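Me: I have a structure open in front of me and would like to talk it through with you. Could we go from the overall fold down to a single residue?

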Amino acid sequence: MAYSDKVVDHYENPRNVGSFDKGDETVGTGMVGAPACGDVMKLQIKVNPQTGVIEDARFKTYGCGSAIASSSLVTEWVKGKTLDEAAALKNSEIAEELALPPVKIHCSILAEDAIKAAVNDYKAKHNSAVAAA
Ligand code: FES
Ligand code: FES
């Protein structure tokens with residue numbers, strides 16, 4: 001089955017590729033792997049600590065075209081969202097937007113897991129900062 005135009009677009013022109021400093025306290029990092037295929041996705045968010053709104057996002061994905069497209073799409077979608085809104089993102093929304101075929105659904109699940117992990121990492125950093133204060 002051929003990739004959809006949107007997958008090809010995100011694959012050829014991926015948005016927001018790169019990394020933030022993992023130690024930055026405004027950054028949350030999610031790193032997840034897909035057991036089915038061994039692909040790995042790192043997704044990072046940069047959060048405004050005052051408002052709790054995600055201002056920027058980056059990703060690095062070692063994987064298939066659908067995984068790269070899913071992570072690229074998610075970095076665009078989460079900008080301007082609150083942490084809770086971002087964590088509520090569903091892989092089905094990603095799969096629908098990119099018209100992923102059934103065998104590629106796990107690629108969008110990887111992106112959902114990665115954004116959830118990034119939000120949790122940010123929250124964990126800030127809870128421990130509060131606890132230590
Ligand atoms: Fe993920 Fe092919 S199985 S790259
Ligand atoms: Fe495994 Fe796409 S992430 S084939």
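Me: How many helices and strands does the protein have?
Reply: Happy to help, and please keep in mind that this is a predicted model. Along the sequence, the elements follow the pattern α-β-β-β-α-α-α-α. That gives 5 helices and 3 strands.

Me: What is the radius of gyration of the protein, and what does the globule rule give?
Reply: The globule rule gives 14 Å for 133 residues, and the protein comes close to that, so it is as compact as a globular protein of that length. Along the principal axes, its C-alpha trace spans about 55 × 30 × 25 Å. The radius of gyration itself is 14 Å.

Me: Which order do the strands take in the sheet, and which are the edge strands?
Reply: The sheet is open and has 3 strands in the order β1-β2-β3, paired antiparallel. An edge strand pairs on one side only, and that holds for β1 and β3. From one strand to the next, the twist averages 15 degrees. So to name them from that pairing, the order is β1-β2-β3 and the edge strands are β1 and β3.Me: Over how many bridges do β2 and β3 pair?
Reply: Strand β2 covers residues 40-48, and β3 covers residues 53-62. One of the pairs joins valine 47 to its bridge partner in β3, isoleucine 54. The two strands run in the antiparallel sense, and the count is 9 bridges.

Me: Which helix packs on the sheet, touching β2 and β3?
Reply: Look at residues 65-78, the helix that touches both of those strands. Its direction makes about 170 degrees with that of β3. The helix is α2.

Me: Where is valine 17, and is this residue buried or partly exposed?
Reply: Valine 17 sits in the loop between α1 (5-12) and β1 (27-33). A residue needs 20 or more C-beta neighbours within 10 Å to be buried, and 12 or fewer to be exposed. Valine 17 has 14 inside 10 Å, which means that it counts as partly exposed.

Me: Which residues does valine 17 touch, not counting those up to four places away in sequence?
Reply: Serine 72 is 55 residues away from valine 17 in sequence, yet their C-alpha atoms are 7.6 Å apart in space. As for contacts, with residues up to four places away left out, valine 17 touches Arg58, Phe59 and Lys60.

Me: Among contacts between residues at least 6 apart in sequence, what percentage joins residues at least 24 apart?
Reply: This one concerns the protein as a whole, where buried residues make up 35% of the 133 residues. Taking the contacts between residues at least 6 apart, the share that joins residues at least 24 apart is 64%.

How values were computed. Residues numbered from 1 in each chain as written. Chains lettered and ligands numbered in written order. Predicted model: local features only at pLDDT ≥ 70, side-chain atom pairs only at ≥ 80, totals over all residues. Helix = DSSP H or I, 4+ residues; strand = E, 2+ residues; numbered from the N terminus. Contact = placed C-beta atoms within 7 Å. Pairing = 2+ DSSP bridges. Axes fitted to C-alpha atoms, helices over the stretch in contact; angles between N-to-C directions. Rg over C-alpha atoms; globule rule 2.2 N^0.38 Å.
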